[in-house]
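Let's take a walk through this structure together, starting with the whole chain and ending with single residues. Please keep the model open beside the text as you read.

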Amino acid sequence: MEQTQLQQPSAAFIAASWSALFIGTIAFIIGLWNASMQLNEKGYYFTVLMFGLFASISVQKAVRDQMEGIPVTNLYYGIAWFSTILSIVLLTIGLWNASLEKSEKGFYVMSFVLSLFSAIAVQKNTRDMKATKTMEPF
């Protein structure tokens, strides 16, 4: 059986991950705040963002658990992937039907994708740091 050595993520990668998460999420929210759309539309896009962040973290956790031999039910694994894909589809449908300029739609897509990717990276870093701390002797 091959043993893999866990390394703690570098401070630069941790900072870059958190920065990307804050930049993507805050940019998306500021875009919503300044948008000239109804409050229910703003709520829809905000909810899709939060749903997407949670779903992408769930996918990262489920994939990592499987890689480490921690049991993950097929139901949870499937729901995590379905939720992530659903959040992307919901954003796409919402933006497709929105009366926004193409540049605004592109802004929302890019900040959404940045937020999802960075949420996965932050979750990975958090898990790697916790795993390396539990392996260190006291």
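What follows goes from the overall make-up of the chain to its helix pairs and then to three residues.

Before anything else, please note that this is a predicted model. The secondary structure of the chain consists of four helices and zero strands. Read from the N terminus, the order of elements is accordingly α-α-α-α. If you lay the C-alpha trace along its principal axes, it spans about 55 × 35 × 20 Å.

How much of the chain is buried? Of the 138 residues, 37% fall into the buried class. The area that the chain exposes comes to about 9300 Å², and 70% of it is supplied by carbon and sulfur atoms. Contacts tell you something about how the sequence is brought together: if you take those between residues at least 6 apart in sequence, 74% of them join residues at least 24 apart.

Now turn to the first helix pair. Helix 1 covers residues 11–34 and helix 2 covers residues 39–67; they pack at an angle of about 165 degrees, and their axes are 9 Å apart. Angles over 145 degrees count as roughly antiparallel, so helix 1 is roughly antiparallel to helix 2. The crossing of helix 1 past helix 2 is right-handed. From helix 1, the contact is made by Leu21, Thr25, Phe28, Ile29, Leu32 and Trp33, while helix 2 brings Lys42, Tyr45, Phe46, Leu49, Met50 and Leu53. Sorted by class, this contact of helix 1 with helix 2 has 10 nonpolar residues, one polar residue and one charged residue.

The next pair makes a nice companion. Helix 2 packs with helix 3, residues 74–97, at an angle of about 150 degrees, and the axes of the two are 8 Å apart. This angle makes helix 2 roughly antiparallel to helix 3. Which hand does the crossing of helix 2 past helix 3 have, left or right? Helix 2 passes helix 3 in a left-handed crossing. In the contact of helix 2 with helix 3 you will find 16 nonpolar, eight polar and one charged residues.

With the helices placed, we can look at single residues. Isoleucine 23 sits in helix 1. Is isoleucine 23 buried or exposed? Its relative accessible area is 54%, so isoleucine 23 is exposed, since the exposed class begins over 50%. For a sense of distance, isoleucine 23 and threonine 47 are separated by 24 residues in sequence and by 18 Å in space, C-alpha to C-alpha.

Arginine 64 belongs to helix 2. The relative accessibility of arginine 64 is 10%, so this residue counts as buried, because the buried class lies under 20%. Between arginine 64 and alanine 27 there are 29 Å in space, C-alpha to C-alpha, and the two are 37 residues apart in sequence.

Our last stop is arginine 127, which is found in helix 4, residues 102–135. Arginine 127 has a relative accessibility of 16% and therefore counts as buried. Which residues is arginine 127 in contact with, leaving aside its neighbours within four places in sequence? They are Lys61, Arg64, Asp65, Glu68 and Ile70. Arg64 in that list is the helix 2 residue that we met just before as buried, at 10% relative accessibility.

Definitions and conventions: Residues numbered from 1 in each chain as written. Predicted model: local features only at pLDDT ≥ 70, side-chain atom pairs only at ≥ 80, totals over all residues. Heavy atoms only, no water. Axes fitted to C-alpha atoms, helices over the stretch in contact; angles between N-to-C directions. Parallel < 35°, antiparallel > 145°, perpendicular 65-115°, else oblique. Left-handed = near helix turned anticlockwise from the far one by under 90°. Contact = heavy atoms within 4.5 Å. Nonpolar A, V, L, I, M, F, W, Y, C, P; charged D, E, K, R; others polar. Buried < 20%, exposed > 50% of the residue type's maximum accessible area, 1.4 Å probe, protein only. Areas by Shrake-Rupley, 256 points an atom, 1.4 Å probe, with all protein chains shown as cover.
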